[in-house]
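Please take a moment to look over the sequence and the model shown here before reading on. The paragraphs that follow lead through it step by step.

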Amino acid sequence: MSLTSSKRLVVKIGSSILVDEAKGEVRRDWLEALSRDVARLHKKGCEIVLVSSGAIRLGRTYLKLTNGPLKLEESQAAAATGQIQLAHAYQEALARHGITVAQVLLTLDDSEERRRYLNARQTMATLLGLKAVPVINENDTVATDEIRFGDNDRLGARVAEMISADTLILLSDIDGLYTGDPRSDKSAEIREITPEIEAMGGAAASALSHGGMVTKLIAARIAMAAGCRMAIADGRQVGALAALIDGKARCSWFLPDASPLSARKRWIKGSLKCAGTLVVDDGAVRALSAGKSLLPAGVTRIDGEFQRGDVVEVHDKQGRVLARGLVAYAAEDARRIAGHKSREIEKLLGFRGRDEMVHRDDLVVE
């Protein structure tokens, strides 16, 4: 299995493969190879997000902190210093291939609080649309235990879920999870995470790694539920991503039973609570049946109180349920733009939001 079919790819890069453990510096030859491979996919139209560890280890070097466990405030200071070095290393390496890099720092709250989730999702979608490569890390400078992911395996999976990626790659210091002899089971395919699979999880394999197989299985569960396939591969060798692109790497694939879009729509359809109702005219009924988005111009009445990103039902004038979806505006703003053309939104609200009241990707027609 190769990466050539991937349209939106998230690559998680562990500290132990990016940073030379003895020197506390970026492995430049490894990063240059990764950048070439990212550029290769990028030129073919693949949208790529990098989730990269390494800031604390790099910052520790620059701040000359002693060996051994760090206090929380020392870790946060190291993260603040190291994140600049990390971002600059990626910017410098990818600039050689004409690729713009963007830095995004997230906490667990950003993936769980609805409005922050939507803001992060929209920002990353916009960056990808502008052909940039976001480089994402946990915001260790402000994150404490209660708002931490704790490891970048889970962060990578949440990011893949957030942006509806079709593929997540975990590059680490292990080459996968095998249910048989890896000499003959070179690229294992796992379609369900059973109790037997979970029992195979172990501890972290390196002093710089905070994950281990347990967190990778948690990441796989998140990714598969979102319709995203996931691979665990050994990223230590220079050119590790190239081997995956060509389908030559030993790895384990976790394969979902749905695509990212169908999984997202299945979640919307199965949502038990609808926060409100949008009543639409006959023109909007025809547009929805043709698979189009719901525009403000087609909305004649709004019932209920809801926030942006809540699930709402769409009804025709007779009260029949036509669809349900994630609304792009809070109820107050939705009422102000209902019945108006999308080009009037900025004048009516004072800001330019989405052209659609409910985008077709966030809409499930009954």
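Is Gly156 buried or exposed? The model in view is a predicted one, and in it Gly156 has its place in helix H7. Because its relative accessibility is 0%, and buried means under 20%, Gly156 counts as buried. Leaving out residues up to four places away in sequence, Gly156 touches Val10, Val51 and Leu168. One of these partners, Val10, is 146 residues away from Gly156 along the sequence, and yet the two C-alpha atoms are 7.0 Å apart in space.

With that example in mind, we can turn to the chain as a whole. The chain has 14 helices and 15 strands, and of its 366 residues 51% count as buried. If we take the contacts between residues at least 6 apart in sequence, 74% of them join residues that are at least 24 apart. The surface that the chain exposes comes to about 17200 Å², and carbon and sulfur atoms supply 49% of that area.

From the surface we go to the nonpolar residues inside. The largest nonpolar core has 38 residues, of which Ile13, Leu18, Val38, Leu50, Tyr90, Ile169 and Leu244 touch the most other members. Helix H2, which covers residues 28-43, gives the most to this core, with six residues. Ile13 can serve as an example of how such a residue is surrounded: apart from neighbours within four places in sequence, Ile13 is in contact with Leu18, Trp30, Leu34, Leu50, Val51, Ser52, Ser53, Tyr90 and Leu171. Another core, of 37 residues, lies apart from the largest one, and its members include Met124, Leu128, Ile136 and Leu170.

Next comes a region of empty space. The second largest pocket has a volume of about 730 Å³, and among the 30 residues that line this pocket, Arg121, Gln122, Arg264, Arg354 and Asp362 are the closest to its centre. Two elements, helix H6 (114-129) and helix H11 (260-270), each give two or more residues to the lining, and the largest share, six residues, comes from H6. Sorted by character, the lining of the second largest pocket consists of twelve nonpolar, seven polar and eleven charged residues.

Helix H6 also holds Arg114, a residue that is partly exposed, with a relative accessible area of 25%. When neighbours within four places in sequence are set aside, Arg114 is in contact with Trp267, Arg308, Gly309 and Leu326. Arg114 and Gln307 are 193 residues apart in sequence, while their C-alpha atoms are 9.2 Å apart in space.

Finally, consider the backbone angle called phi. Most residues other than glycine have a negative phi. Which sign does the phi of Lys131 have, although Lys131 is not a glycine? The phi of Lys131 is positive, at about 70°, and this residue sits in the loop between H6 and strand E6 (133-138). Lys131 is exposed, with a relative accessible area of 55%. Ser164, which is not a glycine either, has a positive phi of about 55°, and Ser164 lies in the loop between helix H7 (152-162) and strand E7 (167-172). At 23% relative accessibility, Ser164 counts as partly exposed.

Key:
Residues numbered from 1 in each chain as written. Predicted model: local features only at pLDDT ≥ 70, side-chain atom pairs only at ≥ 80, totals over all residues. Heavy atoms only, no water. 1 Å grid on protein atoms, 1.4 Å probe; cavity = no way out; pocket = protein on both sides within 12 Å on 5 of 7 lines; lining within 4 Å. Points joined across faces, edges and corners; volume = space filled by probe spheres on them. Helix = DSSP H or I, 4+ residues; strand = E, 2+ residues; numbered from the N terminus. Nonpolar A, V, L, I, M, F, W, Y, C, P; charged D, E, K, R; others polar. Buried < 20%, exposed > 50% of the residue type's maximum accessible area, 1.4 Å probe, protein only. Contact = heavy atoms within 4.5 Å. Areas by Shrake-Rupley, 256 points an atom, 1.4 Å probe, with all protein chains shown as cover. Core = buried A, V, L, I, M, F, W, Y, C linked by side-chain atoms within 4.5 Å.
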